[in-house]
Amino acid sequence: MLQLFPLAPRYRLDDEQPWLEGIDPSRHYWIRVNGHADLIVAIPGLAFSTMDAFRETILAFRSLQPGKTMALSRAASTCTIHCISQNCYAIATEIAGAPIWHLFDQETLESLLMTAHPDWKCSPKDVDLGRRMLARSWNLKVAA
């Protein structure tokens, strides 16, 4: 039986330790858990081809109330934003099979979500992060 080990790192734009590794072309947010370079997770972000869908989602995020959630759906995955309190949001993921919540203030999470804008382009250095995502998918089983 696994013992529960909750971990909830919090990220802000003004953190002393760098926590954002980058955002790849498919809009995955590559985050250093607690600023550690050896523990990086890729959280699926948003991607839209129309301004209307982008605007609707950003407005839905801004109107989230404490205790409410918002699903970020992608073709291959879904993650959920949890509104914890007025200026605290969580995105749940797993690390080595253990649940983890990444905590963000509104400004930080909204700045990540803004990369869903149809005209956004990733940094040239972050293209390699997309290649790493592809390499990860090649190691997964397609059918049992």
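Visitor: What share of the protein's 144 residues counts as buried?
Guide: You are looking at a predicted model, where local features need pLDDT of at least 70, side-chain atom pairs count only at pLDDT 80 or more, and totals for chains, interfaces and linings use all residues. Numbering starts from 1 along each chain as its sequence is written, and side-chain values use heavy atoms, leaving out hydrogens and water. A residue is buried under 20% relative accessible area, exposed over 50% and partly exposed in between (1.4 Å probe, protein chains only). Of the 144 residues, the buried share is 37%.

Visitor: What part of the area that the protein exposes do carbon and sulfur atoms supply?
Guide: The protein exposes about 9,000 Å², with areas taken from the Shrake-Rupley method with a 1.4 Å probe, where for residues only the protein chains shown count as cover. The part from carbon and sulfur atoms is 56%.

Visitor: What pattern does the protein follow when read along the sequence?
Guide: Start with the pieces: there are three helices and eight strands. These are DSSP runs numbered from the N terminus (helices are H or I with at least four residues, strands are E with at least two). Read in sequence, they give β-β-β-β-α-β-β-β-β-α-α.

Visitor: What is the order of the open sheet of three strands?
Guide: Two strands pair if DSSP finds at least two bridges between them. Strand 2 (20-23) joins strand 3 through three bridges, and strand 3 (28-32) joins strand 4 through five, both in the antiparallel sense. The order of this open sheet is therefore 2-3-4.

Visitor: Which strands stand at the edges of that sheet, and why is one side of each left without a neighbour?
Guide: Neighbouring strands of this sheet are turned by 20° against each other on average, direction ignored (axes are lines fitted to C-alpha atoms, for helices over the stretch in contact, and angles between N-to-C directions run from 0 to 180 degrees). Each edge strand has a single partner strand, so one side of it has no neighbour in the sheet. The edge strands are strand 2 and strand 4.

Visitor: Which residue of strand 4 is the bridge partner of Tyr-29?
Guide: Tyr-29, in strand 3, is also the bridge partner of Ile-23. Its partner in strand 4 is Ile-43.

Visitor: Which residue has a positive phi in the hairpin of strand 2 and strand 3?
Guide: Most residues other than glycine have a negative phi, and most peptide bonds are trans. In this hairpin, four residues lie between the strands. One of them is not a glycine and yet has a positive phi of about 65°, and with 10% relative accessibility it counts as buried. That residue is Arg-27.

Visitor: Which residue's side chain does Asp-24 reach by a polar contact of 2.8 Å?
Guide: Asp-24 is in the loop between strand 2 and strand 3 and is buried, with a relative accessible area of 0%. A polar contact is a pair of N or O atoms within 3.5 Å; within protein, one must be able to donate a hydrogen and the other to accept it, and residues adjacent in sequence count only if both atoms are side-chain atoms. The partner of Asp-24 is Ser-26.

Visitor: How many residues lie between strand 6 and strand 7 in their hairpin?
Guide: Strand 6 (residues 78-85) pairs with strand 5 (residues 69-73) over five antiparallel bridges, and Met-70 stands opposite Ile-81 there. Strand 6 also has four antiparallel bridges to strand 7 (residues 88-95), with Cys-83 facing Tyr-89. In the hairpin of strand 6 and strand 7, the number of residues between them is two.

Visitor: With which side chain does Thr-93 make a polar contact?
Guide: Thr-93 lies in strand 7 and is buried, with a relative accessible area of 17%. Beyond its neighbours within four places in sequence, its contacts (heavy atoms within 4.5 Å) include Ile-43, Ala-98 and Pro-99. The polar contact, 2.9 Å, is with the side chain of His-102.

Visitor: How many residues make up the largest nonpolar core?
Guide: A nonpolar core is a set of buried Ala, Val, Leu, Ile, Met, Phe, Trp, Tyr and Cys residues joined through side-chain atoms within 4.5 Å. Those with the most contacts inside this core include Ile-31 and Phe-104, which touch each other. Among the elements supplying at least two residues each are strand 3, helix 1 (51-62) and helix 2 (106-113). The number of residues in this core is 27.
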